[in-house]
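Work through these short exercises with the sequence and the model side by side. Try each task before reading its solution.

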Amino acid sequence: MFRSVLEGPTAQADMTVLVNGAETPAWDGETVAGVLLRVPGAGRTSAVTGEPRLPYCQMGVCFDCLAIVDGVASTQGCLVPVKPGMRIESQQGAREIGR
Ligand code: FES
């Protein structure tokens, strides 16, 4: 897995977010996609094939960073900076209508 370049030598986190219910350290300036890359198994699965996917382009083009962020499905994680206490859930397959 990846390590944040924002961690610094002490690895002291600026905040904590919840990823699939687990408290996870995060840093100011980091995106949801950045967090997803650091947490094993936190990526999404393809709505078409069910294959595992992880954030790729980091600029809003590939949609491989879709996640449920604070209850909002199909959020492009690479476009959303983390906030303290943010709830991030892996999105499995297609999103449900009304979710
Ligand atoms: S990582 Fe490609 S759209 Fe977010």
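A residue counts as buried when its relative accessible area is under 20%. The model is predicted.

**Exercise 1.** State what share of the residues in the protein chain is buried.

Solution. Apply the cut-off of under 20% relative accessible area. The chain has 99 residues, and 40% of them are buried. Now turn to the surface. Its accessible area is about 5,700 Å². Carbon and sulfur atoms account for 56% of that area.

**Exercise 2.** Describe the fold order of the protein chain and judge its compactness.

Solution. Start with the elements: one helix and seven strands. Then read along the sequence, which gives β-β-α-β-β-β-β-β. The radius of gyration is 13 Å, close to the 13 Å that the globule rule gives for 99 residues, so the chain is as compact as a globular protein of that length. Next, take the box along the principal axes: the C-alpha atoms fill roughly 40 × 25 × 20 Å. Last, check the contacts between residues at least 6 apart in sequence. Of these, 42% join residues at least 24 apart.

**Exercise 3.** Place R38 and decide whether R38 is buried or exposed.

Solution. Locate R38 first: it sits in helix 1, residues 32-38. Its relative accessible area is 13%. Buried means under 20%, so R38 is buried. Then list its partners, setting aside neighbours within four places in sequence. R38 contacts M1, F2, R3, S4, E7, T24, P25, A26, W27 and E30.

**Exercise 4.** Give the charge count of the protein chain.

Solution. Count 8 positive and 10 negative side chains. The centres of the two sets are 5 Å apart.

Methods: Residues are numbered from 1 along each chain as its sequence is written. This is a predicted model: local features need pLDDT of at least 70, side-chain atom pairs count only at pLDDT 80 or more; totals for chains, interfaces and linings use all residues. Side-chain values use heavy atoms; hydrogens and water are left out. Helices (H or I, at least four residues) and strands (E, at least two) are DSSP runs, numbered from the N terminus. The radius of gyration is taken over C-alpha atoms; the globule rule is 2.2 Å times the number of residues to the power 0.38. Buried means under 20% relative accessible area, exposed over 50%, partly exposed in between (1.4 Å probe, protein chains only). Contact means heavy atoms within 4.5 Å. Accessible areas come from the Shrake-Rupley method with a 1.4 Å probe; for residues, only the protein chains shown count as cover. Lys and Arg count as positive and Asp and Glu as negative; His and the chain ends are not counted. The place of a charge is taken as NZ of Lys, CZ of Arg, CG of Asp or CD of Glu.
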